[in-house]
Amino acid sequence: MTHVVKTIEFGGTTLTLETGKVAKQANGSIFIKYGDTAVLCTACSTGKPKPNAPFFPLMCDYQERFYAGGRIPGSYFRREGRPTEKEVLTSRLIDRPARPLFPDGYMCDTQLIGTTMSFDQVNDGDVVAMLGTFAAVAISDIPWAGPVVACRVGQVDGEFVANPTFAQREESELDIVVAVGPQGLVMVEGQANFVSEETMVEALGFAEEVTKPLMNLVNELVAEIGKTKFDFETKSVDEELVAACREVAFDNMAAAATIPTKMERYAAVDKVKKDAVAALAERYPDRGGEIKGIVGGFKSEFCRKQIIETNKRLDGRDLDEIRDINIELGVLPRAHGSALFTRGETQGIIALTLGTGSDDQRIELLSGMTSRRFMLHYNFPPYSVGEVKFLRGAGRREIGHGTLARRGVLPILPSEETFPYVMRSVSEITESNGSSSMATVCGTSLAMMDAGVPVSDAVAGIAMGLIQEGDKVAVLSDILGDEDHFGDMDFKVVGSAKGISALQMDIKIDGLNAQILTDAMAQAKAGRLHILGKMNEAIERPRPDISDYAPRIFTILIDPDRIRDLIGPGGKHIRGIVAETGAQINVEDDGSVKVAATDNEIAKRAIDLVRMYTAQPEVGQDYDGKVVRVADFGAFVQIAPGMDGLCHISELADGRIDRVDDVCKLGDTLKVRVLNVERNGKIRLSHREAMRAAGLPVPQGKKSAGGDEGGGGNRRGGGREPRGRDRERRRSRRPRNEGGEGGNADNGDNGGSSDAAPAAPTA
């Protein structure tokens, strides 16, 4: 295989496509680099049709290796495990543009893989993988109507940007991924900060224009080394059988297709197929499967023709008509917020749960760990379409629909400073006939308001379709499942009255022009505003308070230097608060402490304990402390966990006492007042001042000869030895190096009071 390297500047960064060096046994392989982000992309196919396959067996897989970012996985096994949400979503971004371009009847097992092997922390690997994988199929011998190219579009300071970096995406008003084929747009996926429809159309036009050099580059590569596409077997069309089926079944299928309700329509369609098999059994024995397939195709043929010629749809609606909407709030009594949203035969129960900071989702990415405070999970149980299936975990469809809805809701969320809750919305689709992901958007917006989340706006979503026959075009609002299946375009638009917040578009026709796109966007806006009006009738603004069953979160600020005192040795203190109260406590590095509890009294007790562990002593404040050490010169009293002060012997009583334990002993509770807090943190306490302030009896010591109660100052009067000799004698009795933590032991030689009253004169 010839080794070829192609290089181009794109979006201000060097893009390199290399083939013929790595993975040469694949049908096609591309090693693509964008900056220092590198992805190995491969395309393989068995070349043998899969017998009786119900659909084209295409597998698209994107995977990120942690070594790409210089990291070791944080899992127990220290290796990559099940696909992450990012990998699943990128796999879908590869699948959706690629699948429609494989030829009809091609039923060979095919797999496209993109593996990110180097990540420069600047350029995302998802779009790089799309571009490389599409190029790998294009140069391979696998039949495909490509090439397709891709890019991400952002808008920074009013200017569109191709392939914005992570830093630019943080500032961008929109973030959309666009795939462009030979005839124009193929797929769009992304989010925006309520941009207008006109801006979105301009962004898509920008994507088509800016990707032309990429298309030329891939075409050059294909012309230089592209392999000849191999032939594959397809079943030839039996025109005689088709004519026979049309004669016995077309009119019956047309009648069945116009039944407005889904389950009745499906039952009638199945009966038409069975009747056709029975009617043709003698002429075409053992060909029942073919007959059912041909007759089933009449349904799409009839419906498309009816829409184009009469502007009437399966259920009798006009093209821009929205199905009936019914809304109920608070349907789940113990959920923090809930809504039952029904639109036609599509229905979902959406539950909103409020949690604390410890409930956020931790996500491990190539760039490192991150967290998510808003989660939206979409569930599609089999009963929603009347089926019986094994229940499994969320599949790619569930993840994709949930992510689209989440992107649409994100811009209305309050900031964490305003609303310090973690939020999780779960959508249980209970009935489905098209647009279930958009019902999830509407239901989530309603459930948030029902839960008292102070959202900035209401958001709604609508699924649109398009039918094109020659020059005739019909844009359909709020499509059914059948209309999605036989239509030429499926696009979902989420937004508020201000503009678009999320968009997903899959285009099955060539040459979608700007005018059709503009008209479709305008019709989608009208439908979205109609739905928002119905939602506002149910609830116009968020409820004034959150549910009684939701945790109340209170935020207090402490000195960051006291965080270790709150946590305690080995987390002893904070675990003790949680065990005693049942509240949840989250401590941030900036000193903010969030206390969450469903009961206000519990929260108050937890807050009191937090403040006790982190209290700052104030001069003049009284405490009921605990004597933790006794010395000759005074008692050390713990006034709060981790906070001790010295109550000098002179401050234990009025008058002189000989021993500290005349007033208190180790372990006693002692009422004290803060006299002074020195710069070094040492705290001076007074027992007698606290007792006097509380109106309680003050311990009495010995009085001087003059009869005054001057505290430590009395020691100078009453015919005693001269002051200097008395001080020298007391100093000789004082143990050395006393004082300890919080110590005021340096005052032990003079009674601990510099303003003691002078002794009364003797007679």
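User: At what angle do helix 1 and helix 9 pack, and how far apart are their axes?

Analyst: Helix 1 (residues 85-98) and helix 9 (residues 396-409) pack at about 95°, with axes 10 Å apart. Keep in mind that this is a predicted model, where local features need pLDDT of at least 70, side-chain atom pairs count only at pLDDT 80 or more, and totals for chains, interfaces and linings use all residues. Residues are numbered from 1 along each chain as its sequence is written, and side-chain values use heavy atoms, with hydrogens and water left out.

User: Why are helix 1 and helix 9 called roughly perpendicular?

Analyst: Angles of 65 to 115 degrees count as roughly perpendicular. The pair sits at about 95°, so helix 1 and helix 9 get that label.

User: What makes the contact between helix 1 and helix 9?

Analyst: Contact means heavy atoms within 4.5 Å. Helix 1 brings residues including Glu 85 and Arg 92, and helix 9 brings Arg 396, His 401 and Arg 407, among others. By class, the contact has three nonpolar, four polar and five charged residues.

User: Why is helix 9 said to be largely enclosed by the rest of the structure?

Analyst: Buried means under 20% relative accessible area (1.4 Å probe, protein chains only). Eleven of the 14 residues of helix 9 are buried, so the label fits. Among them are Glu 398, Leu 404 and Val 409.

User: How do you know that strand 25 and strand 26 pair?

Analyst: Pairing takes at least two DSSP bridges between two strands. Strand 25 (residues 622-631) and strand 26 (residues 634-640) have five and run antiparallel, with Lys 626 opposite Gln 638.

Key:
Helices (H or I, at least four residues) and strands (E, at least two) are DSSP runs, numbered from the N terminus. Axes are lines fitted to C-alpha atoms, for helices over the stretch in contact, and angles run from 0 to 180 degrees between N-to-C directions. Angles under 35 degrees count as roughly parallel, over 145 as roughly antiparallel, 65 to 115 as roughly perpendicular and the rest as oblique. Ala, Val, Leu, Ile, Met, Phe, Trp, Tyr, Cys and Pro count as nonpolar, Asp, Glu, Lys and Arg as charged, and the others, Gly among them, as polar. Buried means under 20% relative accessible area, exposed over 50%, partly exposed in between (1.4 Å probe, protein chains only).
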